[in-house]
2 protein chains.
Amino acid sequence: MIRFYNGKVLSFGGGLKITEDEVWVDGSRIVYVGPARAELPPFQRQIDLKGDLLMPGFKDAHTHTAMVFLRSYADDMPLQEWLYDKVFPHEAKLTPEAIYTFTRLGILEYLSSGITASFDMYYHNEAYAKANVDSGFRTVICSAMNDFDADPTNIEREFLRFNDYHELVSYRLGIHAEYTTSRQRMEYMASLAEKYQAPCYMHCAETKSEVEGCVERYGLTPPQLLDRMGLFRYGGGGFHCTWMNDEDIALFARKGIYAITNPASNLKLASGIAPVDQMLSAGVPMAIGTDGAASNNALDMFREMYLASCLQKVSRNDAAAGKAENILTMACVGGARAMGLNDCDDIAEGKLADLVVIDLHRPNMQPVNNIAKNLVFAGSKENVRLTMVNGRVLYEKGAFFVGEEPEEIYRQAAALNRSIL
Amino acid sequence: MIRFYNGKVLSFGGGLKITEDEVWVDGSRIVYVGPARAELPPFQRQIDLKGDLLMPGFKDAHTHTAMVFLRSYADDMPLQEWLYDKVFPHEAKLTPEAIYTFTRLGILEYLSSGITASFDMYYHNEAYAKANVDSGFRTVICSAMNDFDADPTNIEREFLRFNDYHELVSYRLGIHAEYTTSRQRMEYMASLAEKYQAPCYMHCAETKSEVEGCVERYGLTPPQLLDRMGLFRYGGGGFHCTWMNDEDIALFARKGIYAITNPASNLKLASGIAPVDQMLSAGVPMAIGTDGAASNNALDMFREMYLASCLQKVSRNDAAAGKAENILTMACVGGARAMGLNDCDDIAEGKLADLVVIDLHRPNMQPVNNIAKNLVFAGSKENVRLTMVNGRVLYEKGAFFVGEEPEEIYRQAAALNRSIL
């Protein structure tokens with residue numbers, strides 16, 4: 001057992017609260033949250049929080065982890081040129097070995113940002129899953145059905161395989177997006193959702209032109225089309241949701257479909273600013289993702305939270321919009337539930353031990369007037385003191401414990417990039 | 001002498017470039033930038049960069065350092081309520097002792113973000129200057145003339161005093177803003193600018209309502225009024241410059257007046273998005289500031305650079321806008337020159353040794369496809385390995401060397417806040 005003591009605990013059960021409790025972890029689970037006890041069981045390790053904050057890990061609810069290979073490779077360019085000249089041709093060269101190494105690199109960055117799980121959509125899922133398991137990191141793979149897949153039935157085999165692969169890995173049904181997937185293939189995906197009574201996810205209303213194209217093709221916005229086709233029959237979510245109209249928002253709220261916002265990517269690719277406050281007010285369940293590092297360029301939940309809040313303020317011309325507590329809840333609880341990790345959403349007895357310790361003894365957290373607002377408006381990777389996934393410390397005081405030295409991962413990634421770029 | 005070797009050097013002379021040079025520092029100056037030499041003089045310390053990047057420090061060209069006391073004290077509120085109920089009443093209680101301690105706290109945060117100089121406008125300048133000198137930090141004080149000053153002639157005495165106070169401190173003329181300063185007082189300031197042939201600075205076109213009020217009062221926008229009144233006769237700059245029309249921009253370009261953008265503050269207070277790209281294209285000299293921590297809430301130049309770039313992309317609907325290299329130049333060279341620190345703008349022989357070392361061996365900097373874009377789009381406080389001001393290492397590997405322990409500064413700041421808030 002591991003004991004965390006002498007600190008603060010942020011939890012969400014019954015609303016965001018901060019207590020002076022201890023947290024004990026046994027194996028992969030949190031087994032005790034409460035006041036210090038006179039008699040202690042034997043512990044394998046006792047971690048003195050020294051007044052620091054223990055809280056649920058952040059969940060990156062939309063990402064393409066291995067895209068770190070394109071970080072800062074092509075920026076400040078028009079969108080189409082970037083995508084067709086700089087992204088697609090290089091992605092085509094990715095081997096399973098490359099996906100494995102780049103995924104390991106991306107996981108290092110998640111850990112340094114206090115992220116304890118990712119909801120990933122990309123290629124070569126066998127290599128991807130192995131990189132996560134080898135690192136000790138938790139991931140949910142989302143299928144990316146589209147018209148370029150040679151064999152769409154592979155998704156059903158993957159669905160069965162990766163939901164019975166390892167405790168750190170699960171798999172959700174998804175299509176890449178309406179604009180890359182034929183009606184026939186979307187219908188096939190709907191049949192899979194029906195067969196397995198499974199939720200379904202996809203890029204959805206990311207750009208204005210995507211919405212306009214869908215309306216032209218089908219006479220419906222993407223959310224309405226996807227719903228009409230039965231893809232949301234058992235829930236699911238849309239990635240980005242930048243261009244949602246009132247009907248789209250009402251639909252997501254009514255059906256409990258997650259809107260997963262990616263504010264940094266939407267800024268950098270000039271896609272727009274999602275109506276986060278409007279969706280929250282309407283009752284849409286929400287989560288936050290980084291998107292891939294090619295369009296961000298960091299995997300940094302502090303940046304995403306800051307933007308998810310402050311972009312609401314400027315776009316709604318209201319400094320009271322985008323309340324920090326709502327954003328923090330999205331990043332922790334919303335993210336976990338969006339990807340089906342309901343056991344990873346909070347600090348509570350019986351939950352999986354996916355947690356972070358935030359260093360409050362850094363100048364950007366002082367004075368401690370309000371911890372939640374400090375996290376959202378001033379937090380940074382420098383504040384991540386420890387990241388634990390499934391009961392294992394994978395990151396602490398700048399060092400990584402993922403079964404491989406970072407320098408070796410950097411070296412391999414650089415060598416791969418020399419052959420790919 | 002201190003020797004930095006085995007790394008990369010980013011400099012701006014003749015355009016942004018990265019070399020494999022060494023850098024030697026003697027006293028407060030850079031005395032050598034060039035290839036490794038066979039014969040070395042005796043060094044007091046030799047710092048192996050291990051492939052990391054040495055570059056000019058960031059300059060925070062608009063801030064109110066001591067406002068860290070209000071960090072996360074009142075957020076997510078309407079602007080007027082925030083300002084009149086939560087900021088002004090507490091600022092009125094600030095003593096010189098409080099300014100001293102809060103300034104020391106703010107300086108810690110600057111150092112952790114690679115910021116080597118601040119351009120500050122606030123109260124109790126004697127205590128403020130002492131906090132900087134005691135910390136070894138460089139600052140330029142800007143007077144904040146307004147209608148609430150009991151004695152505006154004090155500014156002339158401060159101008160003379162703080163420009164002859166300590167090598168780390170200088171003083172520039174400024175008014176708080178047009179909307180807080182009577183015509184008579186602005187005329188007095190213009191006479192001081194004339195008398196000392198000195199540049200003049202002020203909050204300028206920060207909000208839409210400020211511009212509308214000025215036009216109503218004077219029939220001119222703030223930039224045009226301030227120019228007409230002679231405040232820019234010897235140069236200077238405007239803080240924020242969020243709402244600049246084409247004529248304002250042409251005026252700033254023609255006269256070489258600095259536009260100092262504060263993107264995070266403008267987001268959080270819902271002020272707007274400054275036309276950074278348009279100003280740069282027109283030839284306006286530009287710099288970047290954090291504004292105070294009450295409206296940001298971090299003092300983090302990485303966040304500011306990211307926003308200064310990416311907000312251009314989304315607001316102009318052009319992913320090619322806000323080029324990283326321009327933004328980085330603003331943060332280093334532009335900032336130094338905006339505040340009159342022309343000797344602190346670059347890594348070159350004879351320049352003052354205000355520099356930072358960026359840790360490239362963190363996952364967010366890997367792979368190293370493009371260092372400038374990495375800094376702007378993925379950089380974070382976690383990447384600041386070392387910050388040197390005036391030839392002294394004030395921050396290294398998370399530890400501060402400012403003549404006082406951070407924990408003691410935190411303790412004092414917390415005690416003060418208990419009496420103020």
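In what order do the strands of the open sheet of 7 strands in chain A lie? I will come to that after a word on the model as a whole.

What you have in front of you is a predicted model. Let me start with chain A by itself. Its secondary structure comes to 14 helices and 19 strands. Along the principal axes, the C-alpha atoms fill a box of roughly 65 × 50 × 45 Å. The radius of gyration of chain A is 21 Å, and a compact globule of 421 residues would have one near 22 Å, so the two agree. Of those 421 residues, 60% count as buried. As for contacts, take those in chain A between residues at least 6 apart in sequence: 74% of them join residues at least 24 apart.

Now back to the opening question. The order in chain A is β3-β2-β7-β16-β17-β18-β19, and the pairing is mixed. At the edges are β3, residues 17-19, and β19, residues 399-400, each of which pairs on one side only. Inside this sheet, strand β7 (residues 53-56) and strand β16 (residues 355-358) of chain A run antiparallel and are joined by 4 bridges. If you want one pair to look at, A:P56 has A:L355 in β16(A) as its bridge partner. A helix also packs on this sheet: α2(A) touches β17 (384-389), β18 (392-396) and β19 of chain A. The direction of α2(A) makes about 85 degrees with that of β18(A).

The next sheet I will show in chain B. Here 8 strands form an open sheet, and the pairing is parallel. The order is β8-β9-β10-β11-β12-β13-β14-β15. Which strands are at the edges? They are β8 (58-63) and β15 (286-288) of chain B, each pairing on one side only. From one strand to the next, the twist averages 25 degrees. For an example of the pairing, take strand β9 (residues 115-120) and strand β10 (residues 138-142) of chain B, which run parallel with 4 bridges between them. There B:A117 stands opposite B:R138 in β10(B).

Two helices to point out on this sheet. Helix α4 of chain B, residues 154-162, packs on the sheet and touches β10 and β11 (169-177) of chain B. Its direction makes about 155 degrees with that of β11(B). Helix α11 of chain B, residues 301-316, also packs on the sheet, touching β8, β9, β14 (258-261) and β15 of chain B. For α11, the angle with the direction of β15(B) is about 135 degrees.

Next, a hairpin, still in chain B. Strand β4 (residues 22-26) and strand β5 (residues 29-34) of chain B pair in the antiparallel sense over 5 bridges. One of the residues to find is B:V25, whose bridge partner in β5(B) is B:I30. The hairpin has 2 residues between its strands, and B:G27 in the turn has a positive phi of about 60 degrees.

Switch to chain A for a single residue, A:W24, which is found in strand β4 (residues 22-26) of that chain. Is A:W24 buried or exposed? A residue is buried if 20 or more other C-beta atoms lie within 10 Å of its own. A:W24 has 22 C-beta neighbours inside 10 Å, so it counts as buried. Leaving out residues up to four places away in sequence, A:W24 touches A:M1, A:R3, A:V31 and A:Y32. There is also A:E349, which is 325 residues from A:W24 in sequence but 8.8 Å from it in space, C-alpha to C-alpha.

Last, how the two chains go together. A turn of 180 degrees, with a shift of 0.0 Å along the axis, lays chain A on chain B with an RMSD of 0.0 Å. The two copies are thus related as by a two-fold rotation axis. Which residue of chain A comes closest to the rotation axis? It is A:E382, at 2.4 Å for the C-alpha.

The contact takes 54 residues from chain A and 54 residues from chain B. On the side of chain A that touches chain B, the elements that give two or more residues are α1 (79-91), α2 (96-112), α9 (263-268), α11 (301-316), α13 (371-378) and α14 (406-420) of chain A. The most comes from α14(A), with 6 residues. By class, that side of chain A has 27 nonpolar, 13 polar and 14 charged residues. Finally, 100% of the interface residues of chain A are also interface residues in chain B, so the copies meet through the same surface.

Key:
Residues are numbered from 1 along each chain as its sequence is written. Chains are lettered from A and ligands numbered from 1 in the order in which they are written. This is a predicted model: local features need pLDDT of at least 70, side-chain atom pairs count only at pLDDT 80 or more; totals for chains, interfaces and linings use all residues. Copies are superposed by least squares on the C-alpha atoms of residues with pLDDT of at least 70 in both. Two residues are in contact if their C-beta atoms, placed from the backbone, lie within 7 Å. Two strands pair if DSSP finds at least two bridges between them. Ala, Val, Leu, Ile, Met, Phe, Trp, Tyr, Cys and Pro count as nonpolar, Asp, Glu, Lys and Arg as charged, and the others, Gly among them, as polar. The radius of gyration is taken over C-alpha atoms; the globule rule is 2.2 Å times the number of residues to the power 0.38. A residue is buried if 20 or more other C-beta atoms lie within 10 Å of its own, exposed if 12 or fewer, and partly exposed in between; C-beta atoms are placed from the backbone. Axes are lines fitted to C-alpha atoms, for helices over the stretch in contact, and angles run from 0 to 180 degrees between N-to-C directions.
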